[in-house]
2 protein chains.
Amino acid sequence: MIEKSWRLLASRSLSEHRIFTLHADRYRLEPEGRESDFFKLDAPDWINVIPLTPDGNVVMVRQFRHGIREVTLEIPGGMVDPGEDPQAAAARELEEETGYVAARVRQLGWVWPNPAIQTNRCYTFLAEDVVPDGKLAHDPYERIEVVLRPLSEVASLIQQGEIRHALVVAAFAHLWTSEKAAGNTGGNSSS
Amino acid sequence: MIEKSWRLLASRSLSEHRIFTLHADRYRLEPEGRESDFFKLDAPDWINVIPLTPDGNVVMVRQFRHGIREVTLEIPGGMVDPGEDPQAAAARELEEETGYVAARVRQLGWVWPNPAIQTNRCYTFLAEDVVPDGKLAHDPYERIEVVLRPLSEVASLIQQGEIRHALVVAAFAHLWTSEKAAGNTGGNSSS
């Protein structure tokens, strides 16, 4: 068993950085007995949401991303607040970032954003029949532009590199695999 | 233009952690004039690779992931070495982690693993007609089990939660969208 090879010796918090805390976990690898620190980011769980309008568009957001210092095309998303249900977080972030509200929100799945160096999950939701009847509420450091893109073009947007955020690509993969499980044959058809 | 709202004031390195360096970038948001630090991880580019055997299996790896303290089912992957071509890194990691070598390796696309808090890219490759004729070369802290899974079952493995690494899910999304662009209709068919 691979699990049994790794013996956790100690875990310590190194520094806090608003949206994540840096930790060092010390492990001994058996049977060799080698020891090393493994660094990881502890963060709240995240959510993202694919908002579909009645006419088959995805409500997307453009925003500046400070890691890459560029503007990206993404779906709405954010952090789950302490004690908040992930589905409630999805509905909240959708409305806050885009002003859209959904008739129905359901979970499509969840991923580990990076199981090697992060502790948290990212839950993906589908929001159906969304309409712009809600109230925008941007964070002090959010500057977001809302854009609509046909769901039928999302595979092309990924292929052409217009959509490059791994968690957004993974979200659409969950949509496509859930459609496949439901019996649709197309890889990216609107249901 | 959203880009023009963000003025980079300073960038400083905070700490080094073997596989990434922690940085703080200070921005002023215009026109409000608010200032804040944005934290990010600077890391080498990453690669992952979907290795396909002649009979339609994907060569996958099981390994303990220290962020989540669990064993995951993934495709081979790793860091691009300094000066290394990403495609060469894919062929190298495939052989080192699994012992398989490929007749052909081609790039399917690339993603930002996390454009909000990381600077790096992850390139995805397809390795075709792989055979176990290479030489395993695990890192001192790698403990990897190789398992084969039919490509035709990958969508189900994602749907059922057997595959949860976001970059692995995104890799298969690239395979499916590239197949779609090539004219196949199935969402996850083997080509």
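**Notebook: two chains and a covered strand**

I began inside chain A, where strand 4 (residues 46-51) runs parallel to strand 9, with 6 bridges pairing them. This is a predicted model, so I keep that in mind for every entry below.

**Strand 9**

I stayed with strand 9 and looked at its other pairing. Strand 8 (residues 104-111) of chain A pairs with strand 9 too, this time in the antiparallel sense, over 7 bridges. I then picked one residue, A:Phe125 in strand 9, and asked which residues stand opposite A:Phe125. From strand 4 I noted A:Val49, and from strand 8 I noted A:Gln107. Next question: how many of the residues of strand 9 (residues 122-128) are buried? I got 6 of 7, which fits calling the strand mostly covered.

**Chain A as a whole**

I stepped back to see what strand 9 belongs to. Chain A holds 10 strands and 3 helices. Going along the sequence I wrote down β-β-β-β-β-β-β-α-β-β-β-α-α. The chain has 191 residues, and 46% of them count as buried. I also checked how far contacts reach along the sequence: taking those between residues at least 6 apart in chain A, 61% join residues at least 24 apart. For the outline, the C-alpha atoms of chain A fill a box of roughly 60 × 40 × 30 Å along the principal axes.

**Confidence**

I looked up how sure the predictor is. The average pLDDT of chain A is 93, and 96% of the residues score at least 70. Residues 185-191 of chain A are another story, with pLDDT under 50 throughout. The model still has 22 contacts beyond four places in sequence for that stretch, and I put a question mark beside them in my notes. For the complex, ipTM is 0.94 and pTM is 0.94.

**Where the chains meet**

On to chain B. I found 59 residues from chain A in the contact, and 59 residues from chain B. Several elements of chain A supply at least two residues each, among them strand 1 (6-16), strand 2 (21-29), strand 3 (34-42) and helix 2 (154-159). Which element of chain A gives the most? I found helix 3, with 11 residues. Sorting the side of chain A that touches chain B by class, I wrote down 29 nonpolar, 19 polar and 11 charged residues.

Then I tried laying one chain over the other. A rotation of 180° with 0.0 Å of shift along its axis superposes chain A on chain B, at an RMSD of 0.0 Å. So the relation is that of a two-fold axis. Why do I say the copies meet through the same surface? Because 100% of the interface residues of chain A are also interface residues in chain B.

**A:Asn114**

My last stop was A:Asn114, in the loop between strand 8 and strand 9 of chain A. Is A:Asn114 buried or exposed? I counted 26 other C-beta atoms within 10 Å, and a residue is buried at 20 or more, so A:Asn114 is buried. Setting aside neighbours within four places in sequence, I see A:Asn114 in contact with B:Gly67, B:Pro113 and B:Ala166. I also looked at A:Lys40, which is 74 residues from A:Asn114 in sequence. In space, the C-alpha atoms of A:Asn114 and A:Lys40 are 9.6 Å apart.

Definitions and conventions: Residues are numbered from 1 along each chain as its sequence is written. Chains are lettered from A and ligands numbered from 1 in the order in which they are written. This is a predicted model: local features need pLDDT of at least 70, side-chain atom pairs count only at pLDDT 80 or more; totals for chains, interfaces and linings use all residues. Two residues are in contact if their C-beta atoms, placed from the backbone, lie within 7 Å. Helices (H or I, at least four residues) and strands (E, at least two) are DSSP runs, numbered from the N terminus. Ala, Val, Leu, Ile, Met, Phe, Trp, Tyr, Cys and Pro count as nonpolar, Asp, Glu, Lys and Arg as charged, and the others, Gly among them, as polar. A residue is buried if 20 or more other C-beta atoms lie within 10 Å of its own, exposed if 12 or fewer, and partly exposed in between; C-beta atoms are placed from the backbone. Two strands pair if DSSP finds at least two bridges between them. Copies are superposed by least squares on the C-alpha atoms of residues with pLDDT of at least 70 in both. pLDDT is the predictor's confidence in each residue, from 0 to 100.
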